[in-house]
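Please open the model in your viewer and keep the selection tool at hand. The stops below proceed from single residues to the chain as a whole.

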Amino acid sequence: MEIENLNWNLEYERFIEYLSSIKDEKYLEFNRKLIPGNFEILGIRIPELRKIAKKILKTDYEKFLNIPSNFYEIDILKALVIASIKDPSEYRIHFDKFILTINNWAVCDTFISSSKIIELDREYYLKRCKTLLKNEDEFLNRVAFVIYLSYFVEEPYFEEICESIEYFKSDKYYANMALAWLLSIMYVKFPKETKNFLLKASFDSIVIKYTIRKIKDSYRVTDEDKKWLKKIS
């Protein structure tokens, strides 16, 4: 299919038919178990979707981004297209619109990890994350945590991240799991400083539990670390 020549206002259904024709049934079943949510999943692997996103970028991709959809793969494609935008101002506009539509962890994580442009606009997104953490939506919270862990777990930003997340409270699973993921990466990179922070902060026990589990998954955790983690678990 010549995706580059598609008219998104007229040929969207034809595009969905094309995606359906290249789906992987085994991958579909795998994704259904892994990514819960009220949307349809076709079953197309991310490397294939990345190739398709590159072709969409050669079309009038603004129209593609404005097409409503209930397909997981369309959301991933939108995430990959936006993540490929080179202009920081244009990316900001699409970032703010798109994050409001995120309704599962996979789209969130794929979008942020692919958005290397964030590294070129760090001060803006450092502030943006603080705003997102004040929201009660779990996926907006997750966006902030994944930005932090992807682009900011470095010495110049460590204290600022700590101040931003220290009093975060949520009963939402995907927000808390992302926070634990962030804390585990902070621990691996800055063990002494993160130990002190974990003792000082007032995170819920479930966040501490998730954090310890993720830290232990790292091959860089020493026996001494494991003993200390056992004490606070």
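Select Lys200 to begin: its relative accessibility in this predicted model is 60%, above the 50% cut-off, and therefore Lys200 counts as exposed. The residue is found in helix α12, which covers residues 191–200. Now add Ser20 to the selection and draw the distance between the two C-alpha atoms. Lys200 and Ser20 stand 51 Å apart in space, with a separation of 180 residues in sequence.

Remain in helix α12 and select Leu198, which has its place in that helix. Is Leu198 buried or exposed? With a relative accessible area of 9%, Leu198 falls under the 20% limit and is therefore buried. Display the side chains around it. Setting aside residues up to four places away in sequence, Leu198 touches Leu183, Tyr187, Phe203, Ile208 and Trp228. For one of these contacts, Ile208, a C-alpha distance may be drawn: Leu198 and Ile208 are 8.4 Å apart in space and 10 residues apart in sequence.

Proceed to helix α13, residues 205–216, and select Ile212 within it. Ile212 has a relative accessibility of 7% and so counts as buried. Extend the selection to Glu17, which lies 195 residues away along the chain; the C-alpha atoms of Ile212 and Glu17 are separated by 44 Å.

The next stop is a loop. Select Asn38, located between helix α2 (25–34) and helix α3 (46–56). At 72% relative accessibility, Asn38 counts as exposed. Then select Asn104 as well. Although the two positions lie 66 residues apart in sequence numbering, the C-alpha atoms of Asn38 and Asn104 are 9.5 Å apart in space.

Turn next to the interior. In soluble globular proteins, nonpolar side chains tend to be buried together. Which residues have the most contacts inside the largest nonpolar core? They are Phe15 and Ile165, in a core of 88 residues. Colour helix α9, residues 138–151, to see the element that gives the most to this core, with 10 residues. Afterwards, centre the view on Ile165 and show its surroundings. Apart from residues up to four places away in sequence, Ile165 touches Leu133, Phe145, Tyr148, Leu179, Leu182, Leu183, Met186, Phe197 and Phe203. Leu183 and Phe203 merit a second look, as both also appear among the residues that Leu198 touches.

Finally, clear the selection and view the entire chain as a cartoon. The protein chain contains 14 helices and zero strands. Its C-alpha atoms fill a box of roughly 60 × 40 × 30 Å along the principal axes. The radius of gyration is 19 Å, which agrees with the value near 17 Å for a compact globule of 233 residues. Of these 233 residues, 52% count as buried.

Switch on the contacts across the chain. Among contacts between residues at least 6 apart in sequence, 69% join residues at least 24 apart.

End with a surface representation. The accessible surface of the protein chain comes to about 12,400 Å², and 49% of this belongs to carbon and sulfur atoms. Colouring by charge brings out 38 positive and 37 negative side chains, with the centres of the two sets 5 Å apart.

Methods:
Residues are numbered from 1 along each chain as its sequence is written. This is a predicted model: local features need pLDDT of at least 70, side-chain atom pairs count only at pLDDT 80 or more; totals for chains, interfaces and linings use all residues. Side-chain values use heavy atoms; hydrogens and water are left out. Helices (H or I, at least four residues) and strands (E, at least two) are DSSP runs, numbered from the N terminus. The radius of gyration is taken over C-alpha atoms; the globule rule is 2.2 Å times the number of residues to the power 0.38. Buried means under 20% relative accessible area, exposed over 50%, partly exposed in between (1.4 Å probe, protein chains only). Contact means heavy atoms within 4.5 Å. Accessible areas come from the Shrake-Rupley method with a 1.4 Å probe; for residues, only the protein chains shown count as cover. Lys and Arg count as positive and Asp and Glu as negative; His and the chain ends are not counted. The place of a charge is taken as NZ of Lys, CZ of Arg, CG of Asp or CD of Glu. A nonpolar core is a set of buried Ala, Val, Leu, Ile, Met, Phe, Trp, Tyr and Cys residues joined through side-chain atoms within 4.5 Å.
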